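Subject: Structure for you to look at

Hello,

Here is the structure I promised to send. Please open it and keep it beside you while you read my notes.

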Amino acid sequence: TLLSRKQIQERLSISRVSLWRLIKEDPRFPRPIRFSGVERFDEEEFAKYLETLKSSRAGQAADRPPKRP
């Protein structure tokens, strides 16, 4: 399934500019598929990207020392 920019923005709760910045600056973010002047994103690639983010967050939390009371 292919997702539009608007659908990606809604799923991430980000603005159009933030999505543009994410595409430009994060090499892990899926590249848009362009055809007939329309851009779409592969839903499976997007889901893998989200899993990567979740995994990196979990890894960072495990590396942090416990908080002091």
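Start with Leu 3: Leu 3 stands opposite Phe 41 in S3. Please keep in mind that this is a predicted model. Strands S1 and S3 run antiparallel, and two bridges join them.

Now add the remaining strand. S2 and S3 also run antiparallel, and here three bridges make the link. One partnership to find is Ile 33 with Arg 40 in S3. Put together, the three strands make an open sheet in the order S1-S3-S2, with antiparallel pairing. S1 and S2 are the edge strands, since each of them pairs on one side only. S2 covers residues 33-35, and S3 covers residues 38-42.

Look at the turn as well. The hairpin of S2 and S3 has two residues between the strands. Ser 36 takes a positive phi there, near 50 degrees.

Next, follow the side chains along S3. Which of them point to one face and are buried? They are Glu 39 and Phe 41. Val 38, Arg 40 and Asp 42 point to the other face and are not buried.

Then step back to the whole chain. It has three helices and three strands. From the N terminus on, the order is β-α-α-β-β-α. The chain has 69 residues, and 20% of them count as buried. About 5600 Å² is exposed, with carbon and sulfur atoms supplying 51% of that area. Consider contacts between residues at least 6 apart in sequence: 44% of these join residues at least 24 apart.

Now the inside. How many residues does the largest nonpolar core have? It has eight. Leu 3 and Phe 41, the pair from the start, both belong to it. The other members are Ile 8, Leu 19, Ile 23, Phe 29, Phe 46 and Tyr 49. Helix H2 (16-25) and helix H3 (43-63) each supply at least two residues of this core.

Pick out Ile 23 from that list. Leaving aside residues up to four places away in sequence, Ile 23 touches Arg 5, Phe 29, Arg 31, Pro 32 and Phe 41.

Gln 9 deserves a look too. Gln 9 sits in helix H1, which spans residues 5-12. Is Gln 9 buried or exposed? Its relative accessible area is 13%, so Gln 9 is buried; the cut-off for buried is under 20%. With residues up to four places away again left out, Gln 9 touches Ile 14, Ser 15, Arg 16 and Leu 19.

Finish on the surface. Leu 2, Ile 33 and Phe 35 form a nonpolar patch there. Together they have about 240 Å² of accessible area. Leu 2 lies in S1, which is residues 2-3. Why does Leu 2 count as partly exposed? Its relative accessibility is 39%, and partly exposed runs between the buried limit of 20% and the exposed limit of 50%.

Best wishes

Technical notes. Residues are numbered from 1 along each chain as its sequence is written. This is a predicted model: local features need pLDDT of at least 70, side-chain atom pairs count only at pLDDT 80 or more; totals for chains, interfaces and linings use all residues. Side-chain values use heavy atoms; hydrogens and water are left out. Helices (H or I, at least four residues) and strands (E, at least two) are DSSP runs, numbered from the N terminus. Buried means under 20% relative accessible area, exposed over 50%, partly exposed in between (1.4 Å probe, protein chains only). Contact means heavy atoms within 4.5 Å. Patches are made of residues with over 30% relative accessible area and no salt bridge: like charges are joined within 9 Å, nonpolar side chains (Val, Leu, Ile, Met, Phe, Trp, Tyr) within 5 Å. Accessible areas come from the Shrake-Rupley method with a 1.4 Å probe; for residues, only the protein chains shown count as cover. A salt bridge is a side-chain nitrogen of Lys or Arg within 4 Å of a carboxyl oxygen of Asp or Glu. A nonpolar core is a set of buried Ala, Val, Leu, Ile, Met, Phe, Trp, Tyr and Cys residues joined through side-chain atoms within 4.5 Å. Two strands pair if DSSP finds at least two bridges between them.
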